[in-house]
Amino acid sequence: MMSQMPQQTALSRCPSCEEPLESGDRFCGACGYDLSAVPARPEDQPTITMNGSAPPPPAGAADVDWPIAPGRPAATHLPADLPATDPDGHAIPAQAPVGSPVSPASGVRFDRPPEPDEYPLQAPDPRIADLTSPPEGTTVCVACRSGRVDNDGYCENCGHAQPRERDHMEQDAGPVAAVSDRGLRHHRNEDAFALGCTALPDGAPATVAIVCDGVSSATRPDDASLAASRAASESLLAALPRGTHPQQAMHEAIVAASRAVNSLAGEPATAREHAPHQNAPACTLVGAIVTAGLLVVGWVGDSRAYWVPVDRSSHPARLTEDDSWAAQMVSAGLMSEAEAYADERAHAITGWLGADAYELEPHTASFKPDRAGVVVVCTDGLWNYAEAAEEMAEVVPLDAAVRPLHSAQVLVGHALDGGGHDNVTVAVVPFPAPPQGAGSA
């Protein structure tokens, strides 16, 4: 009866996660799978050929019907468990180094190095956190709390991908606050916002909020929204202290934002090289200016502003009109609002900021509310879940005027609870603007 020497199965990939393995691995470096638990190799009597020839079968083996691979001489096929022999046909003892990188019997290179008599101590598992404190200023992994984050955004210790800065953003600027979130379905956040507080020439306070929504079908929508929000905010904060009327200042801010987005189409010259069939960078914009007695809104696209009074016995109102297919159908009297917004074309926008937009038509409107309230400035990632003014008012907390950041967090949470199908951004601006130095309670 032929003897067999059990050999550990040489694996090239982890049986659990298919991660490539290195010679001598005892555990999978990706999932930690115990490779010693791999089932033993089945006894299926495979055949082998070495250098085109093989030693003759042992005595008594002539009556065995060995499997033969098609297209090869039968004499060259032997079962894999036959004892190894030297060129003269003598059996090689079991202790011979048949596991060496090159077998002296055949010249065949094996897929693992020779195994030493003693194993050195196993190298530290890279998944185990390095408890030493990283140098000051080093970005630390949010998962293991100790690993350093490389330039590609991955932890050098546990390999965890780090959240991008814009995935979730919050800002509390005293009397005004905003929150932006990537949502649950998008791979990145293409929204942006900008907040600011300033004073008019007479010293009266003024609060500014700009919210922009990148057009996903365009190139670099995240860059477009960021550029537009910054340009519009900077324009407003420069114009209002000079005495420019708030409504005129809002018009000029939208024009400045449009120029900023247009400039992205040619910056750099190869920006569209990898996506020549996409549109130029584009986004929508909505903004609000709140003073002691005046409320001004401006917009291009389908981002919106809502008025929600502190006294909920008064009626809330939507302050903007969408640049969209649905709004055009309603305005033309061709469909009811419910029918239009139920149509799959409802969110097709007819106005935006970008180099390939139609003629720029900034919309502005001014109001003089007779009571305290808040202005909710948001992208469609929020109003999709609270479209009517009454629905929005129901979601806005009762203390929104004194806790704008908390209210913005609640509104973003409402959108995420509803499904979070889009990026969601909202700014909450109390009216009237509080005196300089006053902030959230």
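Mentor: Buried means under 20% relative accessible area. Keep in mind that this is a predicted model.

Trainee: Why is Ser235 called buried?

Mentor: Ser235 has a relative accessible area of 18%. The cut-off is under 20%, so Ser235 counts as buried. Ser235 belongs to helix 1, residues 221–239.

Trainee: Which residues is Ser235 in contact with, leaving aside its neighbours within four places in sequence?

Mentor: Those residues are Glu252, Ala253 and Ala256. Contact requires heavy atoms within 4.5 Å. Ala253 is also listed among the buried residues of helix 2.

Trainee: What makes the span of helix 2 close to the expected one?

Mentor: Helix 2 covers residues 246–264, which is 19 residues. The expected span is 1.5 Å times one less than the number of residues. That gives 27 Å, and helix 2 reaches 27 Å from its first C-alpha to its last.

Trainee: What do the buried residues of helix 2 pack against?

Mentor: They pack against helix 1 and four strands: strand 7 (282–290), strand 8 (295–300), strand 11 (353–354) and strand 12 (363–367). The buried residues include Ile254, Ala257, Ser258 and Val261. An α-helix has 3.6 residues a turn, so residues three or four places apart point the same way.

Trainee: How do you know that Leu353 counts as buried?

Mentor: Its relative accessibility is 0%. Buried means under 20%, so Leu353 counts as buried. Leu353 lies in strand 11, and its contacts beyond four places in sequence include Ile254, Ala257, Ser258 and Val261. Cys283 is another of those contacts; Leu353 and Cys283 are 70 residues apart in sequence but 5.4 Å apart in space, C-alpha to C-alpha.

Trainee: What share of the chain's contacts between residues at least 6 apart in sequence join residues at least 24 apart?

Mentor: The share is 61%. As for burial, 39% of the 441 residues count as buried.

Trainee: In what order do the six strands of the open sheet stand?

Mentor: The order is 3-4-14-13-9-10, with antiparallel pairing.

Trainee: Why do strand 3 and strand 10 stand at the edges?

Mentor: Strand 3 (168–172) and strand 10 (317–318) each have a single partner strand, so one side of each is left without a neighbour in the sheet.

Trainee: What makes strand 3 and strand 4 a pair?

Mentor: Pairing takes at least two bridges. Five bridges join strand 3 to strand 4 (residues 177–181), so the two strands pair, and they run antiparallel. One of the bridge partners in strand 4 is Asp181, which is matched with His168.

Note on methods:
Residues numbered from 1 in each chain as written. Predicted model: local features only at pLDDT ≥ 70, side-chain atom pairs only at ≥ 80, totals over all residues. Heavy atoms only, no water. Buried < 20%, exposed > 50% of the residue type's maximum accessible area, 1.4 Å probe, protein only.
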